[in-house]
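Student: I would like a close look at one part of this protein, please. Could you take me through it step by step?

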Amino acid sequence: MAPLTAPLDDTGHPVPVPDRVRRVVSIVPSLTETVAVTAPGLLAGATDWCTHPADLDVPRVKGTKNPDLDRIAELRPDVVLGNTEENRPADVAALRAAGIAVWMTEIRTVDEALASLRRMLAEACRVPVPGWLDEASRVWAGVAPGTPRRAVVPIWRRPWMVVGRDTFTGDVLSRLGVANVYAGHPERYPKIALAELNAAGADLVVLPDEPYRFTEDDGPESFPGTDVALVDGRYLTWYGPSLAEAPAALARRLAAARVR
């Protein structure tokens, strides 16, 4: 039975979640991991891109940008979990028009991630706040910035795209002492020519392994003479159980940055 007053998601939309939630479909990889680690019996479906936990075995509903809406409906979820950056408004609207409750998260900082996940688990999934989330809050509260660096943070090539303004990734790095050169860009993920990236005044390039899979042999060669840090994209861009390990893991990789 749905409560008399529906809780509001991060966008302020009322979501008619029942008092007891039994079936959850997640269309965001980090939210999938969040539910799977916290209350694995709830997860009834996830996207093809949901890779964590490694042993995840649930029905798949295609991708974050092209979810199979009919398949989601067939799974009879009490609530679908989404994110304003990862999922298209048209898909969210279609699910809601079909009578499916959709809880949308909106996360652009570490603090927003910690608060959003706490609310999502308690109000959308009806489960107690897990210990890993309390640990993540404790860890991030104690983070001390490392050596100040100025970085460009590519997330794609052909064309080159970088992290711009108001992003979770940018906030994660700033807390570790890394200033994003393009933090003031009017776009959140601008396309920037490689020549401009190399002339931007950065002393560091941060290359994650997702969404584009940068590796030792694919990416660093484009930034001659500049320190490069190859990092696990899950620690840099995911908000979920990885938050508890992210500061230490990223700090190690940043400290090991070197010219390739």
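Student: How many bridges join E9 to E10, and do the two strands run parallel or antiparallel?

Tutor: Let's begin with what you are looking at. This is a predicted model, in which local features need pLDDT of at least 70 and side-chain atom pairs count only at pLDDT 80 or more, while totals for chains, interfaces and linings use all residues. Residues are numbered from 1 along each chain as its sequence is written, and side-chain values use heavy atoms, with hydrogens and water left out.

Now to your strands. E9 and E10 are joined by 5 bridges and run parallel. The names come from DSSP runs numbered from the N terminus: helices (H or I) have at least four residues, and strands (E) at least two. Two strands pair if DSSP finds at least two bridges between them. As background, strands of a sheet pair through backbone hydrogen bonds, either parallel or antiparallel.

You can trace this pairing on the model. Strand E9 covers 204–208, and E10 covers 227–231. Valine 205 has valine 228 of E10 as its bridge partner, and proline 208 is matched in E10 by valine 231.

E10 also has a partner in E11 (residues 258–259), and there the sense is antiparallel, over 2 bridges. In that pairing, aspartate 227 stands opposite valine 259.

Put together, these strands belong to an open sheet of 5 strands with mixed pairing, in the order E8-E5-E9-E10-E11. E8 and E11 are the edge strands, as each pairs on one side only.

How covered is E10? Of its 5 residues, 4 are buried, so the strand is mostly covered. Here buried means under 20% relative accessible area, exposed means over 50%, and partly exposed is in between, using a 1.4 Å probe and protein chains only.

Next, look at threonine 226, in the loop between E9 and E10. Its relative accessibility is 13%, so threonine 226 counts as buried. Contact means heavy atoms within 4.5 Å. Leaving aside neighbours within four places in sequence, threonine 226 is in contact with Ala202, Asp203, Leu204, Val205, Arg258 and Val259.

Helix H9 (residues 246–255) is a good place to go from here. Its buried residues are Ala246, Pro247, Ala249, Leu250 and Leu254. They cover an arc of only 165 degrees around the axis, and therefore lie on the same side of H9; the arc is that of the directions from the helix axis to the C-beta atoms. On the other side of H9, Arg252 and Ala255 are exposed. A general rule helps here: an α-helix has 3.6 residues a turn, so residues three or four places apart point the same way.

What do the buried residues of H9 pack against? The list includes both of your strands, E9 and E10, along with strand E8 (178–180) and the helices H5 (131–141), H6 and H8 (233–237).

H9 also helps to line a pocket. It gives 4 residues to the lining of the second largest pocket, the largest share. That pocket has a volume of about 190 Å³. Its lining has 13 residues, and Gly146, Thr147, Leu176, Ala251 and Leu254 lie nearest its centre. Leu254, then, is one of the buried residues of H9 and one of those nearest the pocket centre. By class, the lining has 10 nonpolar, 2 polar and 1 charged residues. Ala, Val, Leu, Ile, Met, Phe, Trp, Tyr, Cys and Pro count as nonpolar, Asp, Glu, Lys and Arg as charged, and the others, Gly among them, as polar.

The word pocket has its own rule. On a 1 Å grid over the protein atoms alone, a pocket is an open set of points with protein on both sides within 12 Å along at least five of seven lines, unlike a cavity, where a 1.4 Å probe fits but cannot get out; lining residues have an atom within 4 Å of a point. Grid points are joined across faces, edges and corners, and a volume is the space filled by probe spheres set on the points.

Finally, the largest pocket holds about 840 Å³ of space. Among the 24 residues lining it, Glu85, Glu86, Glu210, Pro211 and Thr237 are the closest to its centre. Helix H1 (29–38), strand E6 (154–156) and helix H6 (168–175) each give two or more residues to that lining. Its classes are 13 nonpolar, 6 polar and 5 charged residues.
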